[in-house]
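Here are some questions about how terms are applied to a structure. Each answer sets a value against a definition.

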Amino acid sequence: MQNRILFIYTNFSTFVRADYEILSEVHHITKYRYKPVKGLLKNAVEITRQFFFLLFNILRFDVVFIWFADYHSFLPVMFAKLTGKKSFVVIGGYDVANMPELKYGSLSSPFRKTMTLFTFKTATLCLAVVEDLEEKIKKICPKAKTMTLNTGYEFFDNPDFRFEQNRDKIILTVSITDNYQRFRIKGLDRFKELAVLLPDYMFYIIGVTENAKSLFEPVPENLTLFPPLSQNEIADYYSKASFFAQFSRSEGLPNALCEAMLYGCIPIGTRTGGIPTAIGDTGFVADNWDARVFAEFVINNHNKINRETCSSRIKEKFDLSFRKDGLIKLIN
């Protein structure tokens, strides 16, 4: 059965595009973008535009599918409820975050929190991308109907690709960073702290824009800041780095960490969001931040962990076919 789906998003990122392509194979989809803007006035304009679109078009659709809970999910979920349509909301991490000191998270201001909680309570189903996020939704909003459906990766077997087990002393992280909020959320201050403790290792950060470089001053001699790179360029660094670090203070299922593990990087990270789910028992996860503990692990495990186990972890748990099957079953 082909359903008519209204697909609502803010940014057409990799995971959002993957869901769109999965659902498009079976159903008829109409995309609607809520432009991400700052400030109540600008959001009021976007909400008004969305209101009239839904008023005149909601009856054309059987299902409303929304990526993230925030300003943009309130009206679609409400209209779906009023007209008897199903509504599915993907919970990716930002929507359960509450860090007012950094003005981060859908729960960090009263107005946005009201819209987000309404979304949780009213949606037919909240689809968390990782188990930790489902647990958070249940604590925040016990009335919400939830399940976990991991995002995934499509794998292509390449017989010519081989892991280089013995690699140089390189520790990598990837984060598009252009402001202080992002710098702190992704734990890049922690990454710098570890670099100071391990002068014999090279530390690379990919994704730092020009206006964010000053956040790292003074820059340690062994820390190199790279601008945003293409996916092929990043993959080249994945295949060379010994470790990949994810020291986030808030996180969903970290895409770059999973990709790095596919290329054989040994993962190290904080117990935040989906980081421990991705890493499993292949690397190291710490409950609390302590740069000395991470430094000790790096020194003791450089080139000693089988890199194939890191890759296999992602392939076995996050194959895109699992999400594809799950989404199609839910919509049907």
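Q: Which residues touch the most other members of the largest nonpolar core?
A: F65, F120 and F244 do, in a core of 76 residues. A nonpolar core is a set of buried Ala, Val, Leu, Ile, Met, Phe, Trp, Tyr and Cys residues joined through side-chain atoms within 4.5 Å. Helix 9 (residues 255-262) gives this core its largest share, six residues. Helices here are DSSP runs of H or I with at least four residues, strands are runs of E with at least two, and both are numbered from the N terminus. Apart from this core lies another, of 27 residues, including I171, L223, F243 and F247.

Q: What kind of model is this, and which pLDDT limits apply?
A: The model is predicted: local features need pLDDT of at least 70 and side-chain atom pairs count only at pLDDT 80 or more, while totals for chains, interfaces and linings use all residues. Residues are numbered from 1 along each chain as its sequence is written, and side-chain values use heavy atoms, with hydrogens and water left out.

Q: What makes R49 and E46 a salt bridge?
A: The term requires a side-chain nitrogen of Lys or Arg within 4 Å of a carboxyl oxygen of Asp or Glu. The closest N and O atoms of R49 and E46 are 2.9 Å apart, so the pair meets the definition. Both residues lie in helix 2 (residues 40-57), three residues apart, about one turn of the helix.

Q: Why is E46 called buried or exposed?
A: Buried means under 20% relative accessible area, exposed over 50%, and partly exposed in between (1.4 Å probe, protein chains only). E46 has 9% relative accessibility, so E46 counts as buried. R49, at 37%, counts as partly exposed.

Q: Why does the salt bridge between K317 and E131 tie together separate parts of the sequence?
A: K317 lies in helix 12 (residues 307-317) and E131 in helix 5 (residues 131-140), so the pair joins parts that are 186 residues apart in sequence. Their closest N and O atoms are 3.4 Å apart. K317 is partly exposed at 26%, and E131 is partly exposed at 29%.

Q: How do you know that E251 and K186 form a salt bridge?
A: Their closest N and O atoms are 2.8 Å apart. E251 lies in the loop between strand 10 (243-246) and helix 9, and K186 in the loop between helix 6 (180-185) and helix 7 (188-197), 65 residues apart. E251 is buried, with a relative accessible area of 10%, and K186 is buried at 14%.
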